[in-house]
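Student: I've got a sequence and a fold on my screen and I'd like to talk it through. Can we take it piece by piece?

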Amino acid sequence: MPAYPDMQGKVVLITGGSSGIGLATAGAFARQGAKVVIASRREATAKTALKQLAVLGDAHWFPVDTTDGKAVRRLMDAIMKMHGRLHYAFNNGGGAAYSAAKHGVIGLTRSAALEHAAQGPRICAVAPGWINTPPVANWMKRDEDVAKAITRQTPRGSIGTADEVAAAVLWLCSEASSFAVGTVLAIDGGYLA
């Protein structure tokens with residue numbers, strides 16, 4: 001993974017940061033020297049994630065349900081109290097509503113990016129295809145037909161890794177992508193090609 005020295009000491013918030021793509025991204029930011037804050041609902045999963053992240057750098061967890069606006073406000077207040085600033089936010093999520101919500105997120109990303117293009121912050125999105133996360137891996141193990149169908153949908157012939165998505169998130173947050181505004185970066189092995 002490329003090195004991004006501009007991330008050293010920066011503060012990053014990753015929702016859904018205790019497993020899958022979120023955890024891989026948290027680890028990638030930590031390896032760059034960023035101060036990582038993961039937010040999720042399940043404490044046991046978060047404790048396991050923090051053990052992995054502790055060997056990489058500065059990481060903290062806050063419990064939050066991102067569908068609760070007051071809980072998100074408390075999270076932001078806690079980050080400001082702890083670090084005094086926030087440089088990057090990776091609003092990572094999935095689940096049953098993910099596919100339906102993806103189109104709304106793309107529209108919201110582009111709209112917000114245009115609104116803030118002149119002064120910032122830069123707002124972009126990643127649109128992952130089939131990624132080897134615990135839910136997808138378990139589904140593919142349980143049903144061989146599903147596994148074959150998912151693999152057929154990806155022109156490269158295999159599903160992606162959480163680290164591949166994390167690399168894209170880091171690039172979008174780095175100064176290397178300073179001209180990317182409203183970008184929706186497909187990380188999908190050619191699915192949309």
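## Walking through the sheet and the cores

Tutor: Sure. Keep in mind that this is a predicted model. We can begin with strand β2, residues 35-40, which pairs with β3 in the parallel sense over five bridges.

Student: Which residues in β3 are the bridge partners of I38 and S40?

Tutor: Start with a pair between them: A39 stands opposite F62 in β3. For I38, the bridge partner in β3 is W61. For S40, the bridge partner in β3 is P63.

Student: And which residue of β1 stands opposite I38?

Tutor: β1 and β2 also pair in the parallel sense, over five bridges. I38 in β2 has a partner there too, and the residue standing opposite is I14.

Student: What's the strand order in the open sheet?

Tutor: We already have β2 pairing with β3 and with β1. The edge strands, each pairing on one side only, are β3 (59-63) and β4 (88-91). With four strands and parallel pairing, the order comes out as β3-β2-β1-β4.

Student: By how many degrees are neighbouring strands of this sheet turned against each other on average?

Tutor: Here we ignore direction and take the average over neighbouring strands of the sheet. That gives 15°.

Student: Is β2 largely enclosed by the rest of the structure or largely open, and why?

Tutor: Count its buried residues, with under 20% relative accessible area as the cut-off. Five of the six residues of β2 pass, so the strand is largely enclosed.

Student: What handedness do the crossovers have, left or right?

Tutor: Take the path from β1 through α1 to β2: this β-α-β crossover is right-handed. The chain then crosses from β2 through α2 to β3, and this crossover is also right-handed.

Student: Where does α1 lie, and at what angle does it run to β1?

Tutor: Helix α1 covers residues 20-31 and lies across β1 (11-15), β2 and β4. Its angle to β1 is about 170°.

Student: Which element gives the largest share of the largest nonpolar core?

Tutor: That core has 33 residues, and F29 and V36 have the most contacts inside it. Two or more residues come from each of β1, α1, β2, α2 (43-54), β3, β4 and α7 (162-173). The largest share is eight residues, and it comes from α7.

Student: Which residues does F29 touch, leaving out those up to four places away in sequence?

Tutor: Some contacts are with V12, I14, V36 and Y88. Others are with V169, L170 and C173. The remaining ones are M7 and A34.

Student: How many residues does the second, separate core have?

Tutor: F62, the residue opposite A39, belongs to this second core. Its other members include V64, A71 and L75. The count is ten.

Student: What kind of aromatic pair do W130 and W139 form?

Tutor: A search of the whole structure finds two aromatic pairs, and this is one of them. W130 is partly exposed at 26% relative accessibility, and W139 is partly exposed at 37%. Their rings sit 5.9 Å centre to centre with 50° between the planes, so by the 30 and 60 degree cut-offs the pair is tilted.

Conventions: Residues numbered from 1 in each chain as written. Predicted model: local features only at pLDDT ≥ 70, side-chain atom pairs only at ≥ 80, totals over all residues. Heavy atoms only, no water. Pairing = 2+ DSSP bridges. Axes fitted to C-alpha atoms, helices over the stretch in contact; angles between N-to-C directions. Contact = heavy atoms within 4.5 Å. Core = buried A, V, L, I, M, F, W, Y, C linked by side-chain atoms within 4.5 Å. Buried < 20%, exposed > 50% of the residue type's maximum accessible area, 1.4 Å probe, protein only. Phe/Tyr/Trp six-rings, centres within 6.5 Å; stacked < 30°, edge-to-face > 60°. Right-handed = clockwise from strand over helix to strand, strands pointing away.
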